[in-house]
Amino acid sequence: LGAREDTPEYDYADDVTFYVYEPKDVETEVYDMAGKRAAKLRVVRDGEMIAIEAQTNKPFTVRLIHMEADSAEGAELSIVSGDSVLKNCRPSMKVRL
């Protein structure tokens, strides 16, 4: 989900929020207005552990929908309405559910 609502033309990767539903082994990409990849996120779940790898030089947030994590490495964790929200994310994170 993009960070701006006032215009359709903006830096899509800047402060983007990645919404993750029931991860197993998934990845997604965000492209800039020139069609070049500006961000990539890969999420791999192994039991109660979720590994998240990001390729971007922009700030971003990850929201794990309907998952309340016990701990997170590489990001600040908060629980909001039953979701785990990861802010100030590093390129590599680990989350324990």
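**Notebook: Phe60, the core and the open sheet**

I started with Phe60. Skipping its neighbours within four places in sequence, I find Phe60 in contact with Asp15, Val16, Phe18, Leu41, Ala54, Leu86, Asn88, Cys89, Arg90 and Met93. Note to self: this is a predicted model, so every value here is computed.

Is Phe60 buried or exposed? I get a relative accessible area of 6%, and the cut-off for buried is under 20%, so Phe60 is buried.

Next I looked up the core. The largest nonpolar core has 22 residues, and Phe60 is among the three that touch the most other members, along with Ile52 and Val62. I then checked which strands feed this core: S1 (16-20), S3 (37-46), S4 (49-55), S5 (60-64) and S9 (92-96) supply at least two residues each.

Then aromatics. How many aromatic pairs are there? I count one. The partners are Phe18 and Phe60; their ring centres sit 6.1 Å apart with the planes at 80°, and since over 60 counts as edge-to-face, that is what I call this pair. I also looked at where the two rings come from: Phe18 belongs to strand S1 and Phe60 to strand S5, 42 residues apart, so I note the pair as a link between distant parts of the chain. Phe18 is buried as well, at 7% relative accessible area.

On to the sheet. I traced an open sheet of five strands, in the order S2-S3-S4-S9-S6, with antiparallel pairing. Which strands stand at the edges? They are S2 (25-31) and S6 (71-73); each has a single partner strand, so one side of each has no neighbour in the sheet. From one strand to the next I get an average twist of 15°.

I zoomed in on the S2 and S3 pairing. These two strands run antiparallel and are joined by seven bridges. Glu27 has Arg42 of S3 standing opposite.

Glu27 came up again when I checked Lys40, a residue of strand S3. What does the Lys40 side chain make a polar contact with? I find the side chain of Glu27, at 3.5 Å. Leaving out residues up to four places away in sequence, Lys40 touches Glu27, Thr28, Glu29, Glu53, Ala54 and Gln55. Lys40 has a relative accessible area of 19%; the limit is under 20%, so I file Lys40 as buried.

Last cross-check: Ala54 is on the contact list of Phe60, and Ala54 is also on the list for Lys40.

Conventions:
Residues numbered from 1 in each chain as written. Predicted model: local features only at pLDDT ≥ 70, side-chain atom pairs only at ≥ 80, totals over all residues. Heavy atoms only, no water. Core = buried A, V, L, I, M, F, W, Y, C linked by side-chain atoms within 4.5 Å. Buried < 20%, exposed > 50% of the residue type's maximum accessible area, 1.4 Å probe, protein only. Helix = DSSP H or I, 4+ residues; strand = E, 2+ residues; numbered from the N terminus. Contact = heavy atoms within 4.5 Å. Phe/Tyr/Trp six-rings, centres within 6.5 Å; stacked < 30°, edge-to-face > 60°. Polar contact = N/O pair within 3.5 Å; in protein donor to acceptor, adjacent residues only side chain to side chain. Pairing = 2+ DSSP bridges. Axes fitted to C-alpha atoms, helices over the stretch in contact; angles between N-to-C directions.
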